[in-house]
Amino acid sequence: MGSAADITFTREELQEALCRRHTPAIQERLNRGRAAIAGLGGLGSNAAFALARIGVGHLHLIDFDRVDLSNLNRQQYFMRHVGMYKTDALKEELLEINPYLDIRTDCVRVSEDNILSLFAEDPIICEAFDVPENKAMLVNGILELFPEKIIVSASGMAGYGRSNDIRTRKITEHFYLCGDEVSGSGPGHGLMAPRVAVCAGHEANLIAQLIIDGCVNIT
Amino acid sequence: MIRVNGKDRILEEGTTLLALLEQEGWQTGRIAVEKNGEIIPKRQYGDTILHSGDVLEVVGFVGGG
């Protein structure tokens, strides 16, 4: 398990390795990068892994739920995490990738009443919920309460195949939507690791671009 | 004439956003609405009168994450 005793590389060694891949100028922006991930299921856990791996320095993980055995078909957890809060399990994993990240966790259910306090410090929010009403609540809440922030949301990633139907669409300067926008989950149309990861990759890739370039032109 | 999700629509004068959404079968709990580049707060759907030339984007969310 990811205890401090397992850390065998210094902050400087890890920085050098990341800079070798990304260049120092880009790594500096990633180190200063800050994003919240709301919902730590298939979308959120995969997006968080991607952002942690490239060294996005400040991550804010939010979920109220515990890891269930049925989550392992698509979410970035292991059997040893079943029963743990997702915030604790994911933080543990991300610190195994990079123990020098600043990771804040909030084990709470997001509602209209706590959006203002919960997301005050996050310039970019990754909406990674499961239930459509919750997705709409967070997107509307962020855009109404924080007009300066950017929300990256996802809709439509159930099933398998049709990778290229999943896309990133800019709705406004502050609202991006990833997914095919039609494939909802339901009986006979389950969420599966490969396609959920494609969509989570869209969200994480856009957030990387927002952090590195500060703006995005999608064609 | 207004534009909704890329398609032209003819509306009666004075139609509200809420009336249009209900007419089109949108579930208001599962959407976000952008009008002329701005997000319309949910509580204003009933008071928002649509005018000729308005460009609307209704984003519907489906389940899964």
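Okay, one bit of vocabulary to start: when the angle between two helix axes is under 35 degrees, we call the helices roughly parallel. Keep that in mind for the pair I'll show you now, and remember that what's on the screen is a predicted model.

So, helix α3, residues 42-53 of chain A, and helix α4, residues 86-97 of chain A. Their axes come within 9 Å and cross at roughly 25°. That falls under the cut-off, so α3(A) and α4(A) count as roughly parallel to each other. The crossing of α3(A) past α4(A) is right-handed. Who's touching whom? On the α3(A) side you've got A:Ser45, A:Ala48, A:Phe49, A:Ala52 and A:Arg53, and on the α4(A) side A:Leu90, A:Glu93, A:Leu94 and A:Ile97. Sort those by class and you get six nonpolar residues, one polar and two charged.

Now swing round to the early part of the chain. Helix α1 is residues 11-22 of chain A, and it packs on α2(A) at about 120°, axes 7 Å apart. That angle makes α1(A) oblique to α2(A). Here too, α1(A) passes α2(A) in a right-handed crossing. From α1(A), the residues involved are A:Gln15, A:Leu18, A:Cys19 and A:His22, and they meet A:Pro24, A:Ile26, A:Gln27, A:Leu30 and A:Asn31 of α2(A). By class, this contact has five nonpolar and four polar residues, with no charged ones.

What else does α2(A) pack against? Helix α7, residues 193-213 of chain A. For that pair, α2 being residues 24-32, the angle is about 110° and the axes are 8 Å apart. So α2(A) and α7(A) come out as roughly perpendicular to each other. A:Ile26, A:Arg29 and A:Leu30 from α2(A) meet A:Ile211, A:Ile212 and A:Asp213 from α7(A). The tally there is four nonpolar, no polar and two charged. If A:Ile26 and A:Leu30 sound familiar, they were also on the list for the α1(A) contact.

Last stop, the empty space. How much of it lies in the largest pocket? About 360 Å³. The pocket is lined by 22 residues, and the ones closest to its centre are A:Asp63, A:Phe64, A:Asp65, A:Phe129 and A:Asp130. Taking the whole lining by class, you have nine nonpolar, seven polar and six charged residues.

That's my tour, happy to rotate the model if anyone wants another look.

Terms used
Residues are numbered from 1 along each chain as its sequence is written. Chains are lettered from A and ligands numbered from 1 in the order in which they are written. This is a predicted model: local features need pLDDT of at least 70, side-chain atom pairs count only at pLDDT 80 or more; totals for chains, interfaces and linings use all residues. Side-chain values use heavy atoms; hydrogens and water are left out. Axes are lines fitted to C-alpha atoms, for helices over the stretch in contact, and angles run from 0 to 180 degrees between N-to-C directions. Helices (H or I, at least four residues) and strands (E, at least two) are DSSP runs, numbered from the N terminus. Angles under 35 degrees count as roughly parallel, over 145 as roughly antiparallel, 65 to 115 as roughly perpendicular and the rest as oblique. A crossing is left-handed if the near helix is turned anticlockwise from the far one by less than a right angle, and right-handed if clockwise. Contact means heavy atoms within 4.5 Å. Ala, Val, Leu, Ile, Met, Phe, Trp, Tyr, Cys and Pro count as nonpolar, Asp, Glu, Lys and Arg as charged, and the others, Gly among them, as polar. On a 1 Å grid over the protein atoms alone, a cavity is a set of points where a 1.4 Å probe fits but cannot get out, and a pocket is an open set with protein on both sides within 12 Å along at least five of seven lines; lining residues have an atom within 4 Å of a point. Grid points are joined across faces, edges and corners, and a volume is the space filled by probe spheres set on the points.
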